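Work through these short exercises with the structure in view. Try each task before reading its solution.

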Amino acid sequence: MEAVPIQSENFKLGFIGAGKMAESIARGVVQSGVLPPQRISTAIHSNPSRGTAFQSLGISVYSHNTDVVDASDVIIFSVKPQVVKNVILQLRPLLSKKKLLVSIAAGVKLKDLEEWAGHDRFIRVMPNTPSAVAMGASVMSLGGAATEQDGELVGKLFGAVGKTWKADEKLFDAVTGLSGSGPAYIYLAIEALADGGVAAGLPRELALGLASQTVLGAAAMAVQSGKHPGQLKDDVTSPGGTTIAGIHELEKNGFRGTLMNAVVAAAKRSQELSKN
């Protein structure tokens, strides 16, 4: 059976799994005006506070996942990787090719998702935690029967919580090592910068505020200026000045190599976990 086009002007969205990431996506979709809350639903089984979080956005909350599937044209599986198989298998009789399926379960491959669902109109998405503040980085890979229109629709949904890219699924372990784990590297850098500020005499609160805003501003410059990061670095590095002295210390201690090694190590670990 051919995939039926999803009508972008009136489709309904359902979340199987009502955790923090699902809430972030739903909130972004509603607040950006991509979808009204009346066309979004989820199901709550055991934690009433999760239901309250969705209901506060005006989203319908059911008692059973089957109700969500029945009510939805696009279904996002946002459950933990270790339970996604059982969840999809339980719902399989309802998962016709008329429905576009999306998974954000880390490390779970499209071929497995498609096998469990019984069809390949599936899109796998790897978002990251800054989606909670609409600054996420999400990468998607389309299954065999997912159309370009399907990809555009899912890109619009995840675009409500940040930026989206499309890539071959074979790159997802590297994506995990960079954008998936990357926020933790940056938190560590912010903490270290703040500690450096304290060591240089700044009050803790001021040091943390300056460190956080400096990272935010530098990232915005890298995104918006169109300049290579090396050029941006050179722009602020005067001959014999303070910045080059600090950069010299970073280079002596292998700063760039350490970050590169962190990404590669996390990517390798992602590959190991996905095999299991």
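The exercises below deal with a predicted model.

**Exercise 1. Find the order of the strands in the open sheet, and name the edge strands.**

Solution.
- Step 1: Trace the open sheet from side to side. Eight strands form it, in the order S3-S2-S1-S4-S5-S6-S7-S8.
- Step 2: Check the pairing sense. It is mixed. In general, strands of a sheet pair through backbone hydrogen bonds, either parallel or antiparallel.
- Step 3: Look for strands that pair on one side only. These are S3 (60–62) and S8 (162–166), the edge strands.
- Step 4: Add the twist. On average, neighbouring strands of this sheet are turned by 25° against each other, direction ignored.

**Exercise 2. In which sense do S6 and S7 pair, and over how many bridges?**

Solution.
- Step 1: Locate the strands. S6 covers residues 122–126, and S7 covers residues 136–142.
- Step 2: Read the sense. The two strands pair antiparallel, over four bridges.
- Step 3: Pick out a facing pair. Arg124 stands opposite Ser141 in S7.

**Exercise 3. Describe how domain 1 and domain 2 meet.**

Solution.
- Step 1: Set the bounds. The domain assignment gives domain 1 (13–172) and domain 2 (181–274).
- Step 2: Place the C-alpha centres. They lie 33 Å apart.
- Step 3: Count the residues in contact. Domain 1 gives six residues and domain 2 gives four residues.
- Step 4: Take the buried area. The domains bury about 370 Å² between them, with 56% of it on carbon and sulfur atoms.
- Step 5: Search for salt bridges between domain 1 and domain 2. The count is zero.
- Step 6: Search for polar contacts across the interface, with both residues at pLDDT 80 or more. The rule finds zero residue pairs.

Definitions and conventions:
Residues are numbered from 1 along each chain as its sequence is written. This is a predicted model: local features need pLDDT of at least 70, side-chain atom pairs count only at pLDDT 80 or more; totals for chains, interfaces and linings use all residues. Side-chain values use heavy atoms; hydrogens and water are left out. Two strands pair if DSSP finds at least two bridges between them. Axes are lines fitted to C-alpha atoms, for helices over the stretch in contact, and angles run from 0 to 180 degrees between N-to-C directions. Domain bounds come from an automatic or database domain assignment. Contact means heavy atoms within 4.5 Å. Buried area is the accessible area (1.4 Å probe) that two parts lose on being put together, summed over both. A salt bridge is a side-chain nitrogen of Lys or Arg within 4 Å of a carboxyl oxygen of Asp or Glu. A polar contact is a pair of N or O atoms within 3.5 Å; within protein, one must be able to donate a hydrogen and the other to accept it, and residues adjacent in sequence count only if both atoms are side-chain atoms.
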